[in-house]
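User: Could you walk me through this chain? I'd like short answers with the reasoning spelled out.

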Amino acid sequence: MVRRMAVSVKNSEGVKLLIEEVAKAVGVSPKELIEYYEWKANLAKIKKSSKKMTKEQAREVIKKWKKEKPRVSERETIKLYYEAEEEIKKWEKLERKLKKLGLE
């Protein structure tokens, strides 16, 4: 739904100009700015839906996962982790710029 909203908003000429100006002000492309807001919306959904679990429940989940055949190698998992970490840093840096300009 967020993606559809971004696409429909993106097609509005006035909003398109606004996105371009804000993106220019923070030094990113309009596409990156839209991706940032999509990331932020998804992050909010994840935080809302996250349920807390006890340490014992977490241990049970880990035991279960250890019994299953891994779908990706450990090396690939580490690579994905660092890619995700870099992307998060990128979005947080953009968020700081937006806050500095009073746009977040």
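Here are a few questions and answers on the fold, the core and the salt bridges.

Analyst: First, the ground rules: this is a predicted model, where local features need pLDDT of at least 70 and side-chain atom pairs count only at pLDDT 80 or more, while totals for chains, interfaces and linings use all residues. Numbering runs from 1 along each chain as its sequence is written, and side-chain values use heavy atoms, with hydrogens and water left out.

User: Which pattern does the chain follow along the sequence?

Analyst: Helices (H or I, at least four residues) and strands (E, at least two) are DSSP runs, numbered from the N terminus. The chain has 5 helices and 0 strands. Read in order, that gives α-α-α-α-α.

User: Which helices each supply at least two residues of the largest nonpolar core?

Analyst: A nonpolar core is a set of buried Ala, Val, Leu, Ile, Met, Phe, Trp, Tyr and Cys residues joined through side-chain atoms within 4.5 Å. The largest one has 11 residues, including Ile 19, Trp 39 and Trp 91. Those supplying at least two each are helix H2 (13-26), helix H3 (30-49) and H5.

User: Is Glu 95 buried or exposed?

Analyst: Glu 95 sits in helix H5 (residues 74-100) and touches Tyr 36, Lys 40 and Glu 104, leaving out residues up to four places away in sequence; contact means heavy atoms within 4.5 Å. The cut-offs are under 20% relative accessible area for buried, over 50% for exposed and partly exposed in between (1.4 Å probe, protein chains only). Glu 95 has 16% relative accessibility, so it counts as buried.

User: How many residues apart are Lys 90 and Glu 32?

Analyst: Their side chains meet in a salt bridge at 3.9 Å, N to O. The pair links distant parts of the chain, with Lys 90 in helix H5 and Glu 32 in helix H3, 58 residues apart.

User: What separates Lys 24 and Glu 21 in helix H2?

Analyst: A salt bridge needs a side-chain nitrogen of Lys or Arg within 4 Å of a carboxyl oxygen of Asp or Glu. Lys 24 and Glu 21 form one, with their closest N and O atoms 3.7 Å apart. Lys 24 is exposed at 61% relative accessibility, whereas Glu 21 is partly exposed at 47%. Because they are 3 residues apart in helix H2, what separates them is about one helical turn.

User: Which helix holds both Arg 59 and Glu 56?

Analyst: The side chains of Arg 59 and Glu 56 meet in a salt bridge, 3.7 Å from N to O. They're 3 residues apart, about one turn, and both lie in helix H4 (residues 55-67).
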